[in-house]
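Me: I should like to learn how to read the features of a structure. Please begin with the one now shown.

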Amino acid sequence: MADLEQIRALRNTTNPFAQHLGIETIRLAEGEADCTMALKPEHLNLNGVIHGGGLLTLADVATGSAAASYGINATTS
């Protein structure tokens with residue numbers, strides 16, 4: 001099994017889109033990932049809450065990180 005901390009660190013430094021949005025994988029376990037997103041005004045919709053695209057990107061990054069915990073580099077949707 002790969003070093004999960006090494007995978008987590010790699011995911012946080014090699015995904016320019018996630019970095020642009022302020023998304024960080026903070027915990028990685030086998031088949032699991034917790035990610036955070038530092039919300040900025042530009043992430044909000046007209047109602048003042050996180051835009052659906054931002055929320056789904058957060059979920060997409062978490063899914064990709066969870067897959068990476070198994071050594072799988074996948075395109076998620």
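Reply: Strands S1 and S2 form a hairpin with two residues between them, and glycine 31 in the turn has a positive phi of about 75°. Helices (H or I, at least four residues) and strands (E, at least two) are DSSP runs, numbered from the N terminus. This is a predicted model, in which local features need pLDDT of at least 70, side-chain atom pairs count only at pLDDT 80 or more, and totals for chains, interfaces and linings use all residues. Residues are numbered from 1 along each chain as its sequence is written, and side-chain values use heavy atoms, with hydrogens and water left out.

Me: In what sense do S1 and S2 pair, and over how many bridges?

Reply: Two strands pair if DSSP finds at least two bridges between them. Here S1 and S2 pair in the antiparallel sense over six bridges. Alanine 29 has glutamate 32 in S2 as its bridge partner.

Me: Which side chains of S2 are buried?

Reply: In a regular strand the side chains alternate between the two faces of the sheet. In S2, Ala33, Cys35 and Met37 point to one face and are buried, whereas Glu32, Asp34 and Thr36 point to the other and are not. Buried means under 20% relative accessible area, exposed over 50%, and partly exposed in between (1.4 Å probe, protein chains only).

Me: Is threonine 57 buried or exposed?

Reply: Threonine 57 lies in helix H3 (residues 52-68). Threonine 57 counts as buried because its relative accessibility is 16%. Apart from neighbours within four places in sequence, threonine 57 is in contact (heavy atoms within 4.5 Å) with Phe17, Leu21 and Ile23.
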